[in-house]
Amino acid sequence: MVVLTKPSLGQVPLTRPQKPNHHHSGIPVIDLSAPGSEALVVRACEELGFFKVTHHGIPMELISKLEEEAVRFFALSQTEKERVGPASPFGYGSKIIGCNGDTGWVEYLLMEITSKPMSHASLAFLTEPSASSFRSALNEYISAVRKLACEVLESMAEGLNIEPRNIFSKLVMDEESDSVLRFNHYPPCPMPQASEGVVTGFGEHTDPQIISVLRSNDTAGLQISLRDGSWVSVLPDRAAFFINVGDSLQVLTNGRFRSVRHRVLANGLKSRVSMIYFGGPPSGERLAPLSLLMSEGEESHYREFTWCEYKRCAYKTMLADNRLGQFEK
């Protein structure tokens, strides 16, 4: 696996060391094929905003095929990869995350997901004959992971006892849905002294969209923040997917579901590769707490705003900023 060109920790922040941290055993694991899983999904969204799903219906062969293509891309020379950048926001990026000063020990490829096949994507390299296998794997994976995201969102609606069943999923399935796919590669990192801290791969943040569907290889590094502010590590599972509640879903449920704060720490020995599907609403979609989820006399915690308005706000802030604070009543 390739290491970032001219590795330097000077630009990358360190995370202050905490007490010894073990993999968190309390991450909900939900079998989507099991009766009653809807209630478990709702509980996980309320308590953590994060959970693992099994029996998700996506073949391991399909997942591995796309991961292999991603690994092949990140193994290209730096010159070849930079032909696909700089990310603005789509394309290839290295260490620089966004345009507001955030950095991390990561290189990434960010793609816009539309209703059109990936052969018509905005990234020119995907239209080249040499990218045909990558393009094919993308189309198959995106179709499958979007379906999974909708299945989970519909389980949420069922667990909340609200109609219609597609009240959340229709936003992701809309032809104008503003969704993205992100590949993150965290190369092995030259680690500093333990007393200085741990190198940040991707700084703490919440995801602005409705739902995030994450899959990674078997290298650890992902951590989530609990309600008390403590950080716990998530044990990787190549065969499963992890679900994040996004900011938009927190708004739609008036804070009942929690948008989980998370981060990735670099690994000194092994590369971590992750693939994340972010399911977002159409640009002009108006977001506000759903009245059918609010009890009599309950006040809305958020003012109404469009997804486009919120996304503009997100692009202007640092990763760790509380973006939703600007939209609270």
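Contact here means heavy atoms within 4.5 Å. This is a predicted model, where local features need pLDDT of at least 70, side-chain atom pairs count only at pLDDT 80 or more, and totals for chains, interfaces and linings use all residues. Residues are numbered from 1 along each chain as its sequence is written, and side-chain values use heavy atoms, with hydrogens and water left out.

**Exercise 1.** Find which residues F168 touches, then place F168 in its core.

*Solution.* Start with the partners: skipping residues up to four places away in sequence, F168 touches L153, M156, A157, L160, I162, L249, L252, T253, L290 and L293. Next, recall that a nonpolar core is a set of buried Ala, Val, Leu, Ile, Met, Phe, Trp, Tyr and Cys residues joined through side-chain atoms within 4.5 Å; buried means under 20% relative accessible area, exposed over 50%, partly exposed in between (1.4 Å probe, protein chains only). The largest such core has 91 residues, and F168 is among those touching the most other members, along with F51, L109, F125, F134, M156 and F183. Helix α4 (residues 132–160) gives this core its largest share, 15 residues. Helices (H or I, at least four residues) and strands (E, at least two) are DSSP runs, numbered from the N terminus.

**Exercise 2.** Work out how α1 sits against α4.

*Solution.* First, the geometry: helix α1 (residues 37–47) packs on α4 at about 95 degrees, with the axes 8 Å apart. Axes are lines fitted to C-alpha atoms, for helices over the stretch in contact, and angles run from 0 to 180 degrees between N-to-C directions. So α1 is roughly perpendicular to α4, a label covering 65 to 115 degrees. Then the interface: E38, V41, V42 and C45 of α1 meet V152, S155, M156, E158, G159 and L160 of α4.

**Exercise 3.** Trace the open sheet and find its edges.

*Solution.* Two strands pair if DSSP finds at least two bridges between them. Five strands line up as β1-β7-β12-β9-β10, with antiparallel pairing. The edges are β1 (14–15) and β10 (231–233), each pairing on one side only. Inside, β7 (residues 198–205) and β12 (residues 262–265) share 3 bridges, and T200 has L265 in β12 as its bridge partner.

**Exercise 4.** Is E298 buried or partly exposed, and what does E298 contact?

*Solution.* Locate E298 in the loop between β14 (286–287) and β15 (305–306). With 33% relative accessibility, E298 counts as partly exposed. Beyond neighbours within four places in sequence, E298 contacts N254 and L293. E298 and N254 lie 44 residues apart in sequence, with 9.6 Å between their C-alpha atoms.

Notes. Angles under 35 degrees count as roughly parallel, over 145 as roughly antiparallel, 65 to 115 as roughly perpendicular and the rest as oblique.
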